[in-house]
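Here are a few notes to go with the model. Have it open and rotate it as you read.

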Amino acid sequence: MTAEEQAALVQIGQTYLYPNYRQPPLVLVRGEGRRVWDAAGKSYLDLYAGIAVTALGHAHPDVVRTLREQGERLGHVANYFYNEPNVLLARDLCQRTGFARAFFCNSGTEAIEALLKLARRHYYAQGQANRYHVIAFERSFHGRTLGSLAATGQAGYREGFGPLTGVVHVPYGDVDAVAARLDDTVAAVLVEPVQGEGGVLPAPQGFLEKLRSLTSSRGALLLGDEIQTGVGRTGRFLGFEHSDVKPDAIALAKGLGGGFPIGAMLCQKHLEGALPPGSHGSTFGGNPLASAVARTVLARIDTEGLVERARLNGNYLAEAAAALGALRMFPHQLREQPRPRPAPGPRAQARYRCARRAGVTARGGRALDHRRRLGAALFPGAQHRTFRDRRGRVLRRPGAHCPRSRSLIANSLIAQSALSPNDRAAPTSWV
Ligand SMILES: Cc1ncc(COP(=O)(O)O)c(C=O)c1O
């Protein structure tokens, strides 16, 4: 395909797709391992990983084979029936994580909805229908449907969609604030073991443990959002496994399907009766294709030792970032205790503006900008390129931190590249 033909496709997208994203003017048509190609044949290093999704890289042969074989055997059946890959996936996930039951859906936000409904229905069944509030955290991200959006603690995502009710937000890491709000109207505390959208903030030391003991002592549930941290991305299969804490239930999605849409809610045994038949469901959830692919992803994670590899790559990147002085650029990411972030100054605002103009803002958040800058730090050459907008106008001079728009993928989500496990061409120093 020529550049002109790609431009024509972009034009169709700009005309017919709902304009809720701000895509750059290229169309991705192929992927292999950690690389993707646009329609004009240009290849990119894919550090987005589909936003923490392509756990085995692109077009992994086992995933492709699974899709073909399962597609030929049984592609979809209603949840009124068991299907083989699904019951086996439920068993695999429960045995691996120590949870008792698995409910399947199609995305992260649906997995969060399942958590929220589980919590409310649990107390309703116990005659405590007024126990329905949730405590969540500022700068959290839990999804974009109305329930998960109510739990999301960022004004930018919530604006204009209210009323979003039933959730109280307190600062991440502030146990006293949780304790002050945790009365007998609270059904659950919902927490990410590492906040992924607020700047990649790990839970402060002891925070998860204190949440566990607070929720247990006051009769509320502890719910874990492992959508971004799960499936090995933090160097353990679950982010919570860096602590001794076991939530009552967790949400998984993203990497679980390696690119095939799937979400899951896993819960402990005492919650298995909270959502009786008919109270919750999903047409596609637990679909044989998605379940079979997820089983393949889990199998490859084991055989290729990807959880350990993520841990080693994470350490390597942290060291490399430190060596490059990125610690100064990313204090919030690399500090244990989150601190309030000052409002962006004129330089940061200029950077956001020029990134936007060049079409490189993928998720629009400050967190991504941090990670993009970290990417630039790890690809030092990118810092010295001229940054141009779509019409070729120079937006920033060489030496600025803005990457060129064409380097958009190479300079984006470095945190995810750390886990690019199917990187068959990985430099040995990364492992
Ligand atoms: C921590 C977290 N929770 C929930 C979600 C929502 O997942 P999805 O986009 O699949 O609905 C995301 C997505 O980025 C996430 O990072």
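1. Before anything else, keep in mind that this is a predicted model.

2. Start with strand β11, residues 249-252. In a regular strand the side chains alternate between the two faces of the sheet. Are the two faces of β11 covered or open? Both are covered: Ala249 and Ala251 are buried on one side, and Ile250 and Leu252 are buried on the other.

3. Now look at what β11 pairs with. Strands of a sheet pair through backbone hydrogen bonds, either parallel or antiparallel. With β10 (residues 221-225), β11 runs parallel, and three bridges join the two. One pair to find is Leu223 with its bridge partner Ala249. With β12 (residues 263-267), β11 runs antiparallel, and here there are four bridges. Try spotting Ala251 opposite Met265 of β12.

4. There's also an open sheet of three strands, antiparallel, in the order β1-β2-β3. β1 (28-32) and β3 (43-45) sit at the edges with a single partner strand each, so one side of each has no neighbour in the sheet. On average, neighbouring strands here are turned by 30° against each other, ignoring direction. Between β2 (residues 35-38) and β3 you'll find three bridges, and Arg35 has Leu45 as its bridge partner in β3.

5. Finally, the ligand. Which of the 14 residues around it come nearest? They are Gly108, Thr109, Gly143, Ile227 and Gln228. Helix α5 (residues 108-125) gives the most to this shell, with three residues. By type, the shell has five nonpolar, seven polar and two charged residues.

Technical notes. Residues are numbered from 1 along each chain as its sequence is written. This is a predicted model: local features need pLDDT of at least 70, side-chain atom pairs count only at pLDDT 80 or more; totals for chains, interfaces and linings use all residues. A residue is buried if 20 or more other C-beta atoms lie within 10 Å of its own, exposed if 12 or fewer, and partly exposed in between; C-beta atoms are placed from the backbone. Two strands pair if DSSP finds at least two bridges between them. A residue is near a molecule or strand if its C-beta atom, placed from the backbone, lies within 6 Å of it. Ala, Val, Leu, Ile, Met, Phe, Trp, Tyr, Cys and Pro count as nonpolar, Asp, Glu, Lys and Arg as charged, and the others, Gly among them, as polar. Axes are lines fitted to C-alpha atoms, for helices over the stretch in contact, and angles run from 0 to 180 degrees between N-to-C directions.
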